[in-house]
Amino acid sequence: MEKCASVELKQAYLGDTGRNKRLVRILEDLGAQPTQ
């Protein structure tokens, strides 16, 4: 099952697939610990 950030940002394109992956990873990290 795909994570929520991956699904929400599937249509996003930041000019590079590496940037897209990094954005997803950052948002997943923030979502895992929203109060940090």
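The paragraphs below go through this predicted model, from the whole chain to a few of its residues.

The protein has 36 residues, of which 8% count as buried. Its fold is built with two helices and zero strands, and its C-alpha atoms, taken along the principal axes, fill a box of roughly 30 × 20 × 10 Å.

Turning to the surface, the protein exposes about 3400 Å², and carbon and sulfur atoms supply 53% of that area. Charged groups are also present, with 6 positive and 5 negative side chains, and the centres of these two sets lie 5 Å apart. One part of the surface can be described in more detail: I26, L27 and L30 make a nonpolar patch of about 260 Å². Of these residues, L30 belongs to helix α2, which covers residues 17-32.

A second place to look is S6, which is found in helix α1, a helix that takes in residues 4-8. Is this residue buried, exposed or partly exposed? S6 has a relative accessible area of 22% and is therefore partly exposed, because buried means under 20% and exposed means over 50%. When its neighbours within four places in sequence are left aside, S6 is in contact with V24 and E28. As for E28, this residue stands 22 residues away from S6 along the chain, while the C-alpha atoms of the two are separated by 8.6 Å.

Definitions and conventions: Residues numbered from 1 in each chain as written. Predicted model: local features only at pLDDT ≥ 70, side-chain atom pairs only at ≥ 80, totals over all residues. Heavy atoms only, no water. Patch = residues over 30% accessible without salt bridge, like charges linked within 9 Å, V, L, I, M, F, W, Y side chains within 5 Å. Areas by Shrake-Rupley, 256 points an atom, 1.4 Å probe, with all protein chains shown as cover. Salt bridge = Lys/Arg side-chain N within 4 Å of Asp/Glu carboxyl O. Helix = DSSP H or I, 4+ residues; strand = E, 2+ residues; numbered from the N terminus. Buried < 20%, exposed > 50% of the residue type's maximum accessible area, 1.4 Å probe, protein only. Lys, Arg positive; Asp, Glu negative; His and termini not counted. Charge placed at Lys NZ, Arg CZ, Asp CG, Glu CD. Contact = heavy atoms within 4.5 Å.
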